[in-house]
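Dear colleague,

Please find below the structure that I am passing on to you. I would be grateful if you could read the notes beneath with the structure open.

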Number of protein chains: 2
Amino acid sequence: MVLYECVNVFCKSRREMSDKPAWLKSHGRPWTRDAGRLVYDNPWIRLTEYAAIAPTGQPARYGLVGFKNLAIAILPLHADGTVTLVGQNRFPAGDYSWEIPEGGGALDVDPRESARRELAEETGLEAAELREVLRMQLSNSVTDEQAIGYLALGLTPTRERPAADDTEDLALVRVPFGEALDAALAGHMQDALTVAMLLRSYHMAREGGLSGALARSMLD
Amino acid sequence: MVLYECVNVFCKSRREMSDKPAWLKSHGRPWTRDAGRLVYDNPWIRLTEYAAIAPTGQPARYGLVGFKNLAIAILPLHADGTVTLVGQNRFPAGDYSWEIPEGGGALDVDPRESARRELAEETGLEAAELREVLRMQLSNSVTDEQAIGYLALGLTPTRERPAADDTEDLALVRVPFGEALDAALAGHMQDALTVAMLLRSYHMAREGGLSGALARSMLD
């Protein structure tokens with residue numbers, strides 16, 4: 001057990017330096033693992049079971065769900081402070097889920113290219129500006145799934161709409177940003193990337209990360 | 001699964017749960033599935049492959065990672081505007097990860113009880129107030145993992161510290177809220193629940209969901 005108390009004044013001066021704070025350092029020993037045994041493989045995931053040694057020295061069996069794609073999420077934020085959302089029936093929870101546009105991006109493809117493709121496929125929109133605003137590990141005790149969140153600004157309709165996935169039947173809606181955020185905070189939209197990207201955009205609107213006119217139209 | 005309870009000040013003052021906007025309705029046909037074939041089972045997850053029919057009518061094989069626990073996340077927010085974070089070596093990405101306290105809560109246990117246990121185990125703290133502020137589906141195209149985020153307020157040391165998991169070697173740090181949020185937005189902390197809970201708390205501090213003194217100490 002390591003305890004590191006950060007004195008208030010000291011931390012603030014570090015923050016102004018915009019450096020990675022000293023407390024973010026690593027401790028202890030990493031996990032170690034054998035070569036693993038492949039249990040399951042499909043086009044999206046690969047489950048492998050490893051014989052592992054925990055940082056405490058404790059032997060363990062670890063079932064790791066490896067993802068074959070990056071999770072790409074795009075919040076289409078229109079100049080009038082509205083956002084475009086996508087509705088679909090999701091298999092895992094068996095529910096209907098309203099979300100920001102999302103999809104898998106191949107690991108060997110520029111994630112910005114995947115983001116533009118997903119945005120066009122799911123909403124028929126293209127963005128003059130695509131801004132990366134978030135990186136997340138979605139479920140980091142069991143999976144290695146990595147996500148990138150983009151804000152899409154300067155939106156116009158695409159000339160041609162790429163073909164959608166043949167298992168997806170998508171609905172679209174365009175609603176005020178504040179209404180989408182309220183719906184997420186009330187638990188009506190629970191997709192993690194949707195919740196986080198709406199909150200991230202709220203933070204940007206409050207902290208000067210967006211144009212004044214756009215921020216005002218979002219926060220009104 | 002427990003129904004969402006909106007217990008925070010924001011929900012009470014600004015929006016009743018019955019205010020669900022009309023656009024949140026469902027469309028189309030849900031997925032259908034057969035009984036499934038169990039592929040893998042361990043104490044944390046169960047992978048099942050289903051023969052399914054997509055909402056478009058397209059047949060598909062679906063590999064679903066079912067989770068045996070709720071993901072419980074607790075942001076310990078001290079009265080001086082600092083937060084307690086936990087560092088650990090994570091197996092899936094093979095990285096060192098600073099996060100808010102998190103752990104699995106059995107599905108048949110009150111999630112608030114699981115939250116209090118995790119908070120005590122990982123930080124040696126107990127909370128006078130535990131406020132549910134977030135529900136998320138962490139990776140809803142492949143898994144059915146459900147998460148609940150709690151804000152822990154009125155923090156004091158526990159009399160007795162419960163035993164930790166024998167595979168966990170945890171480090172602790174207490175830092176100003178703004179420094180933790182900055183680290184998350186800079187990509188130094190990427191755990192999804194950590195990122196979302198820090199942004200959620202920022203939103204509460206800005207929107208009157210926390211006491212004025214606490215909010216000011218967080219936003220200074």
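The notes below describe how the two chains meet, how they are related, and one helix.

This is a predicted model, in which local features need pLDDT of at least 70 and side-chain atom pairs count only at pLDDT 80 or more, while totals for chains, interfaces and linings use all residues. Residues are numbered from 1 along each chain as its sequence is written, and chains are lettered from A and ligands numbered from 1 in the order in which they are written.

In the interface, 81 residues of chain A are in contact with 80 residues of chain B (contact: C-beta atoms, placed from the backbone, within 7 Å). Helix α4 (residues 192–206) of chain A gives the most to this side of chain A, with eight residues (helices are DSSP runs of H or I, at least four residues, numbered from the N terminus). Because 90% of the interface residues of chain A are also interface residues in chain B, the copies meet through the same surface.

A turn of 180° and a shift of 0.0 Å along the axis lay chain A on chain B with an RMSD of 0.0 Å (least-squares superposition on C-alpha atoms of residues with pLDDT of at least 70 in both). That is the relation of a two-fold axis. Of the residues of chain A, A196(A) comes closest to the rotation axis, at 2.5 Å (C-alpha).

In chain B, 13 of the 15 residues of α4(B) are buried (buried: 20 or more other C-beta atoms, placed from the backbone, within 10 Å of the residue's own). Just after α4(B), G208(B) takes a positive phi of about 80°.

Yours sincerely

Definitions and conventions
Contact = placed C-beta atoms within 7 Å. Helix = DSSP H or I, 4+ residues; strand = E, 2+ residues; numbered from the N terminus. Buried ≥ 20, exposed ≤ 12 C-beta atoms within 10 Å, placed from the backbone.
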